[in-house]
Amino acid sequence: MMNGVTEHDYRYVIIGAGAIGGTVGGVLTRAGIPAILVARGQHAQVLTSAGMTLRTPDGTFHTAVSAASRPADVRLSRRDVLVFATKTQQLDAALQEWVDQPVHDRDGVVGMAGELLPAMTALNGVAAEEKALRYFSRVFGVCVWLPAVHLEPGEVIVRSWPLVGQLHIARWPASISSPADAELLARLAETWTAAGIHVRTPDDVVPWKYNKLLSNLGNAVGALTADDTRDVIAALREEGADVLRQAGIDYISFETSTAARAEDGPTIRPIPGWDAGQSNSTWQSLSRNTGNVETDFFNGEIVRLAHEHGTTAPRNAAIARAARAAVRSGAGPTPYSAAELAELLGMSAAGASGSHA
C-alpha cells in the first residue's frame, strides 16, 4: 500500500490531458493514485520526458506522470476506469479509438473496453453522455467545477490549491445504477477527495449538468470580448433558462450550485506571474487556434432544444454564429467590443455596459 492506495485499487486512464484532464491526472499522480494521461503531439512528448507542471497559487509543482499518446500504448485491465476529458467536438473520435481496445487479465484478453470498463465523461455540456452510450455500457456523467487553463505543452495553470475542483458524478442514466457502480463511486469519492478533487455523488447528475450548461452559455462571450458584458451573459442565460422550462428540463438553481461551491468547492486565487484575464475553455481554444470550439454544444444545445420544441433562441444562435466566425478567421480571442456583441444579440449598448447600481 502507498498513500492509502492498494494494489487492488482502480487505475484511471485520462483521455485528454488538457486543463481538466491534466489537472486531474497530475493531482491523482501526486497522491499516489494510479493514473495514465493520454495526450497528443508535443504535449504528450513533454509529459513523457519531463512530466506535468502544475502552476498553482501556492507555487509550481513538477510531477513525473505516466503518459501515452495512443490506445495501443496502454494495456487495459478490469480495474481500469476511462475518464474522457476531451472537448465535446473531439469526443466521438476518442470514443471510437477506445471502445474496441482489448481488456486483459493474467490469462489474456477477456473482452473489449466498451463492454467491460466504466466510462466517465468529464466534459461540459450535456451531449457527451449520450454519445458515450453508443459505445460503452457503463457511462457516468460528470459535472465539472475545476478552474484551470492549458496553453503550453506539459503545463496546466491550476487556479485553486490544494483543493483544485469539485465534481458531481453519477451513473447515466441514474435509473440503472448497480451495486458495482456504487462501489466504484464510493472508492473514487474517497481517494479523489483526499487527493484534492472533491467528489460528490448525487442520485442523479442530470440537473447539475444542466445548471453547468446555463453557466457555460457565457463562455463564448468571454472569448469574444475582453469588455465587461455581464448583461449580455445574463440575457443568454435567461433565454437558455426559458428554453429549458419549455422543454420540461429541471436544473439545479444557481443559488444551490453557488452554495455547493462555497461549501466544499475550489477557491480561485492569484497565481504569481500569470495574468488571469479571460481563461474559460472557449477562450483557450481560440488562443491556441485549435480550429474548433465547444460553443455549438453550449449555446447550440439551447438552440437545438428550442428548435425541437417549435421555438427559437435567437440570442444564443447569434453568439454561436459569432464563435464559429471567430474560429474561421483564426484571429484569436476578443475580436469584439461589448457594444458590438450587444448589437449582435439585439440588445442596446446601454444594456450591455456592465454598469450596475
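## Salt bridges and the domain contact

Between domain 1 and domain 2 the count is four salt bridges, a salt bridge being a side-chain nitrogen of Lys or Arg within 4 Å of a carboxyl oxygen of Asp or Glu. The model is predicted, so that local features need pLDDT of at least 70 and side-chain atom pairs count only at pLDDT 80 or more, while totals for chains, interfaces and linings use all residues. Residues are numbered from 1 along each chain as its sequence is written, and side-chain values use heavy atoms, with hydrogens and water left out.

The domain assignment gives domain 1 as 10-203 and domain 2 as 206-349, bounds that come from an automatic or database domain assignment. The centres of the two domains, taken over C-alpha atoms, are separated by 24 Å. Their contact (heavy atoms within 4.5 Å) takes 40 residues from domain 1 and 38 residues from domain 2. The area buried between domain 1 and domain 2 is about 3400 Å², of which carbon and sulfur atoms give 59%; buried area is the accessible area (1.4 Å probe) that two parts lose on being put together, summed over both. Val-126, Trp-145 and Arg-159 supply 21% of the area that domain 1 buries against domain 2, more than any other three residues.

By the salt-bridge rule the count comes to 18, and the following pairs are among them.

| Pair | Closest N to O distance |
|---|---|
| Arg-11 and Asp-80 | 2.6 Å |
| Asp-92 and Lys-131 | 2.9 Å |
| Arg-200 and Asp-264 | 3.2 Å |
| Arg-55 and Glu-155 | 3.8 Å |

The side chains of Arg-11 and Asp-80 meet in a salt bridge, and because Arg-11 lies in strand 1 (residues 11-15) and Asp-80 in strand 7 (residues 80-84), the pair ties together parts that are 69 residues apart in sequence. Helices (H or I, at least four residues) and strands (E, at least two) are DSSP runs, numbered from the N terminus. Arg-11 is partly exposed, with a relative accessible area of 22%, whereas Asp-80 is buried at 1%; buried means under 20% relative accessible area, exposed over 50%, and partly exposed in between (1.4 Å probe, protein chains only).

For the salt bridge between Arg-55 and Glu-155, both residues are buried. In the salt bridge of Asp-92 with Lys-131, Asp-92 belongs to helix 3 (residues 88-98) and Lys-131 to helix 5 (residues 128-133), so the pair ties together parts 39 residues apart in sequence. Asp-92 is partly exposed, with a relative accessible area of 29%, while Lys-131 counts as buried at 13%.
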